[in-house]
Amino acid sequence: RGWIESCHRHGVMVLGTLITEWDQGASDNKELLLKPQVFAKKLTDIAVYYGFEGWLVNIEAVCDRSKMKTFVSSLCACMHDAIPWAQVIWYDSIGPKGTIQYDNRLSKNNKAFFDLCDGIFTNYSWRENYPFKSTKLAGDDRCYDVYTGIDVFGRGTFGGGGLNTQAAMSVIHKANTSLALFAPGWTHEVAAKGQGIKAWRRIEECFWDGAKFSKNLIKTPTPPSQPPPTAHGDDDGEAHNDDHNKVVGEGWKVLANGGQGWSVDEIGEEEGGGGRESRVRVWVTSHQWCERECLIDLRPVLKQQQQQHLHDHQHDHQHDPQQHLQQQGHMMEVTCEAVVKGKPPNTKDKYRLVVQ
């Protein structure tokens, strides 16, 4: 029950799963469909008792299709009577004759169940145009009741799943259906297997963050021991540090990346007609995605600004400078400048800068 309460604290509905599979599943289906209304009532009682909001009906074994439709209709009615906002979702798995059939989209076949309940969770092996077909068949009023499935393990999933899951998500977003994400535990069970909790956390954050993903697992390269400086390049190529010897990348720590290797590049333009070029030396990586962090201690800067503030008001006879500073407070303006340089055709790289 702790999982249910945790989800509710974050405003998330919880569904139970009724699943039948293989030969045992076929036998279970026969028993279930002997008294479909009775089982529907029992499942509703379970949901009410434990405090969750619905059921995913995942029938992956041979069944009597007509009787199964009766069961789904009864379950949906019972659940809505007990919990008005309940959700009963059908899984895309049964064909016209009651045998296993995955259509991988909303189809004329599975729409019979879709029409009886609150939505459908499609199988994962869909082609790029399938979500659009689902939307067309569902109509504008119910297109978001179609949950197009993605298997994060990549078993038949468009885009291959894993850290490329966003490829399938992008298609689903364009098609205007909802999304059903299966087995996000892949980050722990496969991607970070044997690498420890820190590696798992990095992969988990990258997966949910929506950054540019890579199929490569984390193998953090060693960055240069001396980051390249911000410099003006003379004709002889010698670099001279300016602006209080600032260096590019100083203090930055690479947390995770999706590639290997470092190189240094220069960007900038010529200044005037003298042929002198103003260059900024930057790190360039082979990463398809990269996450870095840097801790910058602003206290010395703030102290310097406070001292300047007190100096500016020391001749103000109407106010005590220290008292004035305390009354007015002190605001520090922090300016962050970033340059993102891409190479065609993939120049629209996602970039995020967080200051906290």
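How many of the seven residues of β2 are buried? Seven of the seven are, so β2 is largely enclosed by the rest of the structure. The notes below start from the whole chain and work back to that strand.

1. **Model and overall figures.** This is a predicted model. The protein chain holds eleven helices and twelve strands. It has 356 residues, of which 35% count as buried. The accessible surface comes to about 22400 Å². Carbon and sulfur atoms account for 51% of that surface. Take the contacts between residues at least 6 apart in sequence: 69% of them join residues at least 24 apart.

2. **The sheet.** Six strands form an open sheet in the order β1-β2-β3-β4-β5-β6. The pairing is parallel. β1 (15-21) and β6 (178-182) are the edge strands. Each has a single partner strand, so one side of each is left without a neighbour in the sheet. On average, neighbouring strands are turned by 25° against each other, direction ignored.

3. **Register from β1 to β4.** β1 and β2 run parallel and are joined by seven bridges. Within that pair, L15 stands opposite G54, and L18 has V57 as its bridge partner. β2 pairs with β3, again in the parallel sense, over four bridges. Here W55 stands opposite V88. Three bridges then join β3 to β4 (residues 119-121), also parallel. I89 has G119 in β4 as its bridge partner.

4. **Two faces of β1, two faces of β2.** In a regular strand the side chains alternate between the two faces of the sheet. β1 shows that alternation in its burial: G16, L18 and T20 point to one face and are buried. L15, T17, I19 and E21 point to the other face and are not buried. β2 is covered on both faces. G54, L56, N58 and E60 are buried on one side. W55, V57 and I59 are buried on the other.

5. **The main core.** In soluble globular proteins, nonpolar side chains tend to be buried together. The largest nonpolar core in this model has 31 residues. Those with the most contacts inside it are W55, V57, M68, F71, L75, M79 and W90. Five elements each supply at least two of its residues: α3 (36-50), β2 (54-60), α4 (65-82), β3 (87-91) and α5 (111-114). The largest share, six residues, comes from α4. A second, separate core has seven residues, including L163, A191, A192 and I203.

6. **M68 as a contact point.** Which residues does M68 touch, leaving aside its neighbours within four places in sequence? They are N29, L32, L33, I59, C63, W90 and F113. Of these, I59 is among the buried residues of β2.

7. **The W90–F113 stack.** There are eight aromatic pairs. In one of them, the rings of W90 and F113 have their centres 3.9 Å apart and their planes at 5°. Planes under 30 degrees apart count as stacked, so this pair is stacked. W90 lies in strand β3 and F113 in helix α5, so the pair ties together parts that are 23 residues apart in sequence. W90 is buried at 0% relative accessibility. F113 is buried too, with a relative accessible area of 0%.

8. **The F121–Y124 pair.** The ring centres of F121 and Y124 lie 6.0 Å apart. Their planes stand at 80°, so the pair is edge-to-face. Both residues are buried. F121 and Y124 also belong to one aromatic cluster with Y91 and F182.

9. **E205.** Is E205 buried or partly exposed? At 47% relative accessibility, E205 counts as partly exposed. Its place is in helix α9 (residues 197-209). T187 is 18 residues away along the chain, and the C-alpha atoms of E205 and T187 are separated by 9.6 Å.

10. **Back to β2.** Several of the points above meet at this strand. β2 has parallel bridges to β1 and to β3. It supplies at least two residues to the largest core. W55 and V57 are among the residues with the most contacts inside that core, and both sit on one of the two buried sides of β2.

Terms used. Residues numbered from 1 in each chain as written. Predicted model: local features only at pLDDT ≥ 70, side-chain atom pairs only at ≥ 80, totals over all residues. Heavy atoms only, no water. Core = buried A, V, L, I, M, F, W, Y, C linked by side-chain atoms within 4.5 Å. Buried < 20%, exposed > 50% of the residue type's maximum accessible area, 1.4 Å probe, protein only. Contact = heavy atoms within 4.5 Å. Pairing = 2+ DSSP bridges. Axes fitted to C-alpha atoms, helices over the stretch in contact; angles between N-to-C directions. Areas by Shrake-Rupley, 256 points an atom, 1.4 Å probe, with all protein chains shown as cover. Phe/Tyr/Trp six-rings, centres within 6.5 Å; stacked < 30°, edge-to-face > 60°.
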